[in-house]
Amino acid sequence: MIALLKAVHIAALAIWCAGLILLPVLLHLHGRHERFRTQAGFTEFRWLTHYSYTRVISPAAVIAVAVGTVLIFWLEVLDAWMAAKLLAVMGMVMLHAWFGHLVVQAGERRSAYDIPPVGLSLIALVPLIGLVLWLVLAKPDLGAMLDRVPEILREPRGNAIPARIEPL
Ligand code: HEM
């Protein structure tokens, strides 16, 4: 069962990562090109970006994250490298959301919208994907780094949760 879950996780994230690299290239090279200022070019651009985003890349992201979450609890992977991996994945999710915003803007505002040089995001995205892969494959011991976090942030304080609603 674990092998099956990992296979689904890896297949989904391969599609997600490939899509995250493809989308900024499409938006940057095609969306900013004069050829796509024509109706036929615009239709092609919309098909490529809208359908790949909503029907392939976003569902793959949801499956990768959902199956990954199941794996965390199943395998009880609660090490520091996993927390670091989730932080890096958060960066990927933020870029994913930004690409979606650009796809919507390019569709709704048509030629009135100048797509920013989104291809530059690859400078952050590709190392981010590499970092996630390194963290999960090398599983580095980040315990020494955690030791540098102030004591007060690492220990439960033992305080009662303040009651926000007073019972009548
Ligand atoms: C919120 C998103 C994610 C969660 C919760 C998650 C969680 C997990 C968990 C718990 C495992 C099993 C680790 C183990 O066997 O010790 C795993 C495996 C793996 N994950 Fe993720 N993951 C996520 C996203 C990603 C992403 C974005 C990538 C790649 C860019 C990735 C790459 C991998 C790889 C390659 C494995 C197999 C590692 C192995 O079997 O040694 N994961 N993931």
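The bend at a residue is the angle between axes fitted to the seven residues ending there and the seven starting there. With that in hand, welcome to this predicted model, in which helix α2 bends by about 45° at Y53. Four helices, α1 (2–30), α2 (39–75), α3 (80–108) and α4 (122–138), each give at least two residues to the shell around the ligand. The points below start with that shell, move on to α2 and α3, and finish with the loops and α5.

**Around the ligand**

- The ligand has 21 residues around it, and those that come nearest are V65, G68, L71, I72 and V132.
- Helix α2 provides the largest share of the shell, with seven residues.
- By character, the shell is made up of 17 nonpolar residues, three polar ones and one charged one.

**Helix α2**

- With 37 residues, α2 reaches 52 Å from its first C-alpha to its last, which is close to the 54 Å expected at 1.5 Å a residue.
- Y53 marks a bend of about 45° in α2, and Y53 is also among the buried residues of this helix.
- The other buried residues of α2 are F45, T49, I57, A60, A61, A64, V67 and G68.
- G68 deserves a second look: this buried residue of α2 is also one of those that come nearest to the ligand.
- The cover over the buried residues of α2 includes α1 and α3.
- After α2 comes E76, which has a positive phi near 50°.

**Helix α3**

- The 29 residues of α3 span 43 Å from first C-alpha to last, close to the 42 Å expected at 1.5 Å a residue.
- Buried in α3 are K85, V89, M92, F99, L102, V103 and A106.
- These buried residues of α3 pack against α1, α2 and α4.
- R110 follows α3 and has a positive phi, near 45°.

**Positive phi in the loops**

- Most residues other than glycine have a negative phi.
- E76 is not a glycine, yet its phi is positive, at about 50°.
- E76 sits in the loop between α2 and α3. Is E76 buried or exposed? E76 is exposed, because 8 other C-beta atoms lie within 10 Å and a residue with 12 or fewer counts as exposed.
- K139 is likewise not a glycine and has a positive phi, of about 40°.
- The loop between α4 and α5 (143–147) is where K139 is found. K139 counts as partly exposed because it has 14 C-beta neighbours inside 10 Å, a number between the exposed limit of 12 or fewer and the buried limit of 20 or more.

**D114 and M145**

- D114 belongs to the loop between α3 and α4. Since it has 11 other C-beta atoms within 10 Å, D114 is exposed.
- D114 and L102 are 12 residues apart along the chain, and their C-alpha atoms are separated by 9.9 Å. L102 is one of the buried residues of α3, whereas D114 is exposed.
- Helix α5 contains M145. M145 counts as exposed because it has 11 C-beta neighbours inside 10 Å.
- How far apart in space are M145 and M82? They lie 14 Å apart, C-alpha to C-alpha, with their positions 63 residues apart in sequence.

Note on methods: Residues are numbered from 1 along each chain as its sequence is written. This is a predicted model: local features need pLDDT of at least 70, side-chain atom pairs count only at pLDDT 80 or more; totals for chains, interfaces and linings use all residues. A residue is near a molecule or strand if its C-beta atom, placed from the backbone, lies within 6 Å of it. Ala, Val, Leu, Ile, Met, Phe, Trp, Tyr, Cys and Pro count as nonpolar, Asp, Glu, Lys and Arg as charged, and the others, Gly among them, as polar. The expected span of a helix is 1.5 Å times one less than its number of residues. Two residues are in contact if their C-beta atoms, placed from the backbone, lie within 7 Å.
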